[in-house]
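Visitor: I have a protein chain on my screen and I am new to this. Could you walk me through it?

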Amino acid sequence: MLILHSNPTTVHSVGTGTYCGSSGLASCPEANTEAVDPTQPTVFHALAAFPDESEPRLQGISFGIDYSEADFTLFELETCADFEVRTSDWPTPGSGTALSWNSARTTHLTEVYWFVGYANSDSIATVFSLQAHPTQGAQFADDSTPPALDAIEGFGSLGFGTPGFNPGCAGPSWTEGNGIFGGEEFPEDGPVGIADPELKAIRRDVHGDTLNVQPESDTFFGFVYFKTHRHQVGPHDPNNFDLPPSIFLDPDLAALISDLLPEGPQTFLSRVYPGFTEADTSMVTAYGRRVGLPDLTRNFVIHYASETLSDRQVAALIRAQPAVLWAETAFGIFEDAVPNDPKFAAGEQHHLERIGLGLSDGSNWSRLQQPTPPWRIAVVDNGLRVSHEDLGGAAGPGHKVRSAFNYVAGLENSGEPCDRDHGTACAGIIAALTNNQTGVAAPAGGWSGETLGPELVSLAINCETNTRRDYRAQAIVDATSTALPGPSHQPAACGVVSMSNGNDEWVETEREACLVAYLRDAVLVATKGNHDQERRRYPADYDPQWVISVGASRRLQDVRVTKLNSDANWGSNYGYGIDLVAPGENIPTTSHVGDNQYALFSGTSAAAPIVAAAAAGLRMASEERLSCEDVQGLLKSGCVDILTDEMQMAGSDLTGPDWFTGHGRLDLGASLALLGPLNSLVELQTIPAANEWDSDGPYPTLFVDGARDLPFPEGVHSAIRYRITQWIDYPTAFASRPSVWAVGSRSTGVSGSVPCYGDGYARINQFDNVGFEVVTWSYYVDIPGVWSGYWPAHPIQIVMGVSAVGPLLASATDSAAATGEASLRVLNSPGPTLTFVIGSHARRDHPLQIIDASGRTVRSLLLPAPSGAPTIAWDGMDDRGHACSSGVYWAVIGDESGVAQSARCVLVR
């Protein structure tokens with residue numbers, strides 16, 4: 001119930017402040033529904049009311065209001081919740097609002113809102129009534145994940161000169177108990193004990209994110225993701241969406257899946273990534289690097305039906321099978337959006353000014369106008385209005401929006417575009433057509449008459465009411481593949497993926513998709529969330545090198561948006577994983593309301609597209625093919641280091657990365673300057689012999705056969721993790737301190753996180769004006785009778801990659817040193833025999849090492865004496881005399897400053 005009550009003892013007074021806590025109502029039947037004096041200002045409350053037998057855990061609500069503007073004046077109001085999203089016309093008749101609390105409300109009467117109003121005449125009776133929200137309906141939401149939704153069964157009214165009414169306060173529905181707030185309580189993964197057929201049990205819909213009342217059935221429909229071990233899947237038709245349980249070679253697993261799949265259209269087994277084949281596990285990226293990818297053909301989702309089992313129980317049964325690597329339950333997707341903030345300044349693109357693209361930044365805009373080969377930006381959201389005038393007016397080849405897909409349950413996907421406001425707003429911030437005398441400008445919007453800039457690909461993961469986390473995982477993989485799924489096979493190969501959505505739960509299915517996109521050199525950008533809390537959010541906070549985690553800064557101040565300093569009741573999350581912040585208040589952008597409509601957009605959902613646009617801008621402006629890690633490093637290095645409100649209150653004057661804003665506020669102009677003509681981007685690698693290492697194990701670790709082949713069976717093994725560090729002084733070729741960042745793709749060390757996929761990983765641990773320390777990890781694994789040793793290599797053999805950008809010495813006598821190639825460059829790549837030029841600054845007491853794409857040293861070549869020839873040749877053979885296969889290799893050598901120089905080369909046989 002949502003009731004109204006006026007406390008006769010509460011007298012309105014100007015300047016009182018809030019009336020939250022003053023309702024004085026003890027129980028629903030005691031509510032007063034008529035104003036004492038209808039023509040005097042009356043304070044009254046809206047309260048959520050639940051039966052005494054229930055155990056409410058209220059965390060959210062949506063509702064609307066109605067009254068006669070001719071007969072009633074509403075002149076003051078305020079929410080008693082922590083967070084509010086209103087319709088643009090609130091509080092007019094027929095408008096609505098949605099509220100939420102930071103923690104669940106467990107009382108049977110919860111104050112939701114207070115109002116102050118009066119009747120315009122004592123001769124006309126009138127009522128103020130509650131009703132459903134005009135677009136979101138009327139629902140209570142609890143604090144489970146995803147939240148269970150309960151329809152509000154009755155609405156109260158308050159009378160002015162006539163009695164009001166709160167239906168149900170004394171009726172049968174008040175004592176029966178309905179849904180999650182009355183009757184049986186269920187955990188997040190499904191019902192437990194459904195013996196009483198009269199109970200209205202809440203069930204999770206087969207599509208995942210909503211909970212529906214199914215009073216006539218005791219069957220629970222759910223789905224679980226899992227991955228099998230290698231060699232546990234038999235031959236099958238990759239084009240067949242519905243797979244038989246017999247696909248699994250392990251008879252126990254096949255029998256279990258068969259038992260969970262009774263006859264019915266809602267029960268089936270399918271692959272999570274239907275377009276991924278075994279051939280896709282190895283590829284050469286657009287940036288010339290051969291990479292090995294996790295085998296996604298072994299990822300499955302089972303849609304099952306059971307009268308006794310929940311998601312959690314089914315996942316446990318599947319996980320217990322020896323043929324299964326892992327299994328997990330599913331979660332829904334929730335947007336991190338706070339659109340249509342009521343305080344806005346129409347037409348002011350203040351965010352562009354703050355990131356270095358203002359009216360006086362013509363040189364920066366010019367660098368974003370360069371014609372580029374066709375490449376794309378994915379907007380993984382709820383769809384966009386492809387017909388909008390500032391998004392090109394249509395979708396397809398030759399248009400700004402190249403293609404639009406809608407992920408639909410039970411189908412590979414749908415070519416029908418999905419038109420939603422959230423995705424449309426994000427797309428406009430990233431790439432609205434620019435310099436076309438229409439609407440708004442955007443960093444990736446091209447330049448009218450010259451170039452359209454990068455194409456947009458809309459991947460709608462939550463267009464429908466029901467959505468699932470594997471839709472976002474599929475979208476991440478599809479966005480970075482060579483072709484989208486479906487009959488048209490439209491090209492994707494997106495270099496940037498923008499995700500203005502997130503969840504609190506770590507999901508392995510989705511994390512693995514992020515790894516695939518990272519190894520494909522895509523820049524992933526995601527929101528940190530709008531809860532104003534120290535909070536982990538996914539996919540933003542998966543492994544640090546994979547995804548840029550974005551918070552929001554204020555419109556005209558370099559501070560994080562908080563509830564205390566925001567015009568709206570929201571704040572940007574902070575804490576673990578945050579990389580940077582970007583403007584997130586009142587951003588003008590495209591709206592799906594009409595083809596020529598624009599609106600203001602707020603929240604981290606607005607900040608993340610700004611960062612995605614900046615990433616695209618760097619790749620457009622660079623004359624080199626920047627790796628995803630170099631794009632991340634340039635964005636972070638260009639940030640304005642800001643002192644947050646929290647740090648100022650604590651009296652701190654510390655500089656550098658912090659817990660609240662990461663590296664600081666985005667400044668694309670500064671990042672573009674790092675790529676300017678006065679600077680040089682240099683790739684470095686550490687000298688393995690100089691590593692220092694120590695252990696912090698042993699403990700059980702889950703090893704997954706990912707980007708490299710494990711020399712032992714994948715699974716959980718006891719391992720000792722070794723932390724490997726290397727201090728590096730800045731190269732003497734730089735005139736002043738450069739910006740530096742670690743690069744995992746040039747590192748043989750692995751992530752310290754669990755599970756260990758084995759992708760190259762390194763991070764900058766500390767730095768000063770002299771140099772920096774880079775860190776990575778190696779594992780010692782001991783499996784009795786099977787294998788023992790260090791993986792991926794012995795700590796003293798680990799190589800760590802670093803990129804540095806900064807001004808070079810103008811007085812350098814060695815031209816090779818002035819270009820960052822003081823010690824090494826390659827003459828004839830690609831070729832069957834590769835010749836390297838050894839510079840005068842090379843350390844002759846250290847061999848030249850040839851390293852393959854997996855990070856292994858395949859050949860060590862002794863250098864000639866300083867008086868000898870300045871070149872050395874590699875014949876393509878390894879140290880054992882075996883021919884190396886064609887592919888990308890790295891040649892590494894040390895110079896006099898103690899820093900390794902590297903050169904990328906391609907061996908062709």
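Guide: Here are short questions and answers on the core, the salt bridges, a strand and some unusual backbone spots.

Guide: This is a predicted model, where local features need pLDDT of at least 70, side-chain atom pairs count only at pLDDT 80 or more, and totals for chains, interfaces and linings use all residues. Residues are numbered from 1 along each chain as its sequence is written, and side-chain values use heavy atoms, with hydrogens and water left out.

Visitor: How many residues does the largest nonpolar core have?
Guide: A nonpolar core is a set of buried Ala, Val, Leu, Ile, Met, Phe, Trp, Tyr and Cys residues joined through side-chain atoms within 4.5 Å. Buried means under 20% relative accessible area, exposed over 50%, and partly exposed in between (1.4 Å probe, protein chains only). Leu 459, Val 550, Val 611, Leu 618 and Leu 635 have the most contacts inside the largest core. That core has 111 residues.

Visitor: Which helix gives the largest share of this core?
Guide: Helices (H or I, at least four residues) and strands (E, at least two) are DSSP runs, numbered from the N terminus. The largest share of the core is 13 residues. They come from residues 604-621, which is helix α9.

Visitor: What is Leu 635 in contact with, leaving aside its neighbours within four places in sequence?
Guide: Contact means heavy atoms within 4.5 Å. With those neighbours left aside, the partners of Leu 635 include Val 611 and Leu 618. The full set is Ile 548, Leu 580, Val 611, Ala 614, Ala 615, Leu 618, Leu 666 and Ser 671.

Visitor: Is Ala 522 buried or exposed?
Guide: Ala 522 lies in the loop between α8 (508-519) and β26 (523-527). Leaving aside neighbours within four places in sequence, its contacts include Thr 480, Cys 494 and Arg 619. Its relative accessibility is 1%, so Ala 522 counts as buried.

Visitor: How many salt bridges does the count come to?
Guide: Side chains of opposite charge can pair when their charged atoms come close. A salt bridge is a side-chain nitrogen of Lys or Arg within 4 Å of a carboxyl oxygen of Asp or Glu. By this rule the count is 23.

Visitor: Why does the pair of Glu 455 and Arg 402 tie together parts of the chain?
Guide: Their side chains meet in a salt bridge (3.8 Å, N to O). Both Glu 455 and Arg 402 are buried. Glu 455 lies in strand β23 (residues 455-460) and Arg 402 in strand β22 (residues 401-406), so the tied parts are apart in sequence by 53 residues.

Visitor: Which residue forms a salt bridge with Asp 879?
Guide: The closest N and O atoms of this pair are 3.7 Å apart. Asp 879 is in the loop between β44 (871-874) and β45 (887-894), and its partner is in strand β43 (residues 857-861). The partner is buried, with a relative accessible area of 18%. It is Arg 859.

Visitor: Which residues are linked in a network of salt bridges?
Guide: Two of the linked residues are Arg 469 and Glu 505. The whole network is Arg 469, Arg 472, Glu 505 and Glu 510.

Visitor: What is the bridge partner of Leu 269 in β18?
Guide: In a regular strand the side chains alternate between the two faces of the sheet. In strand β15 (residues 268-271), Phe 268 and Ser 270 point one way, Leu 269 and Arg 271 the other, and all are buried. Two strands pair if DSSP finds at least two bridges between them; β15 and β18 (residues 299-306) pair in the antiparallel sense over 4 bridges. The partner of Leu 269 is Ile 302.

Visitor: Where is Pro 91 found?
Guide: The peptide bond from Trp 90 to Pro 91 is cis, with omega near 10 degrees. Pro 91 is in the loop between β5 (83-86) and β6 (96-105).

Visitor: Is Gln 437 buried or exposed?
Guide: Gln 437 lies in the loop between α6 and β23. Its phi is near 60 degrees, a positive value in a residue other than glycine. At 85% relative accessibility, Gln 437 counts as exposed.
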